[in-house]
Structure formats: C-alpha cells, structure tokens
Amino acid sequence: MTTNTLIDAKTPRMNFAKAAPRINRAIVAFDAAAREGLDPALVELVQIRASLLNNCAYCMHMHTNDARKAGESEDRLHLVAVWREARHFFTEKEQAALALTEAVTLVSERGVPDDVYAEATAHFDADELPHLIALILAINTWNRLALTVGKVAGTDERRG
C-alpha cells in the first residue's frame, strides 16, 4: 500500500500547497499584494470578520492569534462578530471596512449596496480601496480553500 503525499495526515483531504504549489504561491502573492498600504490591525479585523461569516475555524484561529500578536485588544476581537452593536469599539474607517467585508463576502445575498460602497470610498482613498477589496477577495479565497480541504484549527502551516 502506498501513501499519497498529497493527503494531509490530519485529515482525509489533500494538502493543497503540495498538490498545487504554483496556484498556492499565486494566492500567497495576491494576498501579500492586497495587504500593501493597509493598516495591519485593519487587515486582521477584515480577515476575522470574513472568516466568521464563512465559518472558517482554521482562519479564525490564525487571524485572531495574529491580531493578538499585533497588539489587538481582546475586547475588540470578541466584538468583531457584533461590531454594529459595538460601534464605539471601532473607528468609522474600520466600520466601513467591516461593512464592505460583509457585503463582498455575502455578495450572493444582496450584492454590494451603493451605500456600503460609498461609505468605503469616503474612508479609503483611491490607492487603499483596491487593496481593501483585494484583501476581502483574498481572505474569502483562503476561507473557501481551508474549508474545502478540511484545514484544522490550530494547525497554522505558515509556522511549519
């Protein structure tokens, strides 16, 4: 009996990075380009919110840990899920980013409403906005990939 090296030992599903290294490197590069010029704390908030909406425990674990390492408060991390009810914990710019994250992540439900997009353009300049949109697209790609291949929360492969 042979062992398939494309299968991750922790799950019965493939190790995508090994199975498709060129595609994985392209996603990593896209993610890195998307982050350029954005506040690292904002990046983590966006990634956490999208991961919550997508029910991606692997990415939630990874990005809440990254946010803590970057100095994010426990209060704000706990309140990302209910940010609309806890607006005073988040800046107007962060709120605009979180609203856009929700609209793009849940795009099949109601598209990206004009008011949400307008609020984002009010807080992000012409250089930042494309990066924010790309960041939201990148985390949604990572969430869907992690869920598809059965990534296990607590096994951050970036550290491996």
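Partly exposed describes a residue whose relative accessible area falls between the buried range, under 20%, and the exposed range, over 50%. Ala 57 fits that class, because its relative accessibility is 46%. This is a predicted model. The briefing covers its cysteines, its surface patches and two spacings along the chain.

**Cysteines**

- The structure holds zero disulfides.
- A disulfide is a covalent bond between the sulfur atoms of two cysteines.
- Cys 56 and Cys 59 do not make one, because their sulfurs are 3.4 Å apart and the cut-off is within 2.5 Å.
- For Cys 56, the closest cysteine sulfur is the one in Cys 59.
- The reverse also holds: for Cys 59, the closest cysteine sulfur is in Cys 56.
- Cys 56 is buried, at a relative accessible area of 1%.
- Cys 59 is buried too, at 3%.

**Negative surface patch**

- Four residues form a negative patch on the surface: Glu 92, Asp 114, Asp 115 and Glu 119.
- Helix 8, residues 114–123, supplies the largest share of this patch, with three residues.
- Asp 114 is part of helix 8.
- Asp 114 counts as exposed because its relative accessible area is 69%, and the exposed class starts over 50%.

**Nonpolar surface patch**

- Val 107, Val 112 and Tyr 117 make up a nonpolar surface patch.
- Together these three residues have about 230 Å² of accessible area.
- Val 107 sits in helix 7, which covers residues 107–110.
- Val 107 is partly exposed, with 44% relative accessible area.

**Helix 4 and Ala 57**

- Ala 57 belongs to helix 4, which runs over residues 57–69.
- Where does Ala 57 stand relative to Gly 37, in sequence and in space? The two are 20 residues apart in sequence, and their C-alpha atoms are 27 Å apart.

**Helix 5 and Asp 75**

- Asp 75 lies in helix 5, made of residues 74–79.
- Asp 75 is partly exposed, at a relative accessible area of 47%.
- How many residues along the chain separate Asp 75 from Phe 89? The answer is 14, and the C-alpha atoms of the pair are separated by 8.2 Å.

Definitions and conventions. Residues are numbered from 1 along each chain as its sequence is written. This is a predicted model: local features need pLDDT of at least 70, side-chain atom pairs count only at pLDDT 80 or more; totals for chains, interfaces and linings use all residues. Side-chain values use heavy atoms; hydrogens and water are left out. Buried means under 20% relative accessible area, exposed over 50%, partly exposed in between (1.4 Å probe, protein chains only). Patches are made of residues with over 30% relative accessible area and no salt bridge: like charges are joined within 9 Å, nonpolar side chains (Val, Leu, Ile, Met, Phe, Trp, Tyr) within 5 Å. Accessible areas come from the Shrake-Rupley method with a 1.4 Å probe; for residues, only the protein chains shown count as cover. A salt bridge is a side-chain nitrogen of Lys or Arg within 4 Å of a carboxyl oxygen of Asp or Glu. Lys and Arg count as positive and Asp and Glu as negative; His and the chain ends are not counted. The place of a charge is taken as NZ of Lys, CZ of Arg, CG of Asp or CD of Glu. Helices (H or I, at least four residues) and strands (E, at least two) are DSSP runs, numbered from the N terminus.
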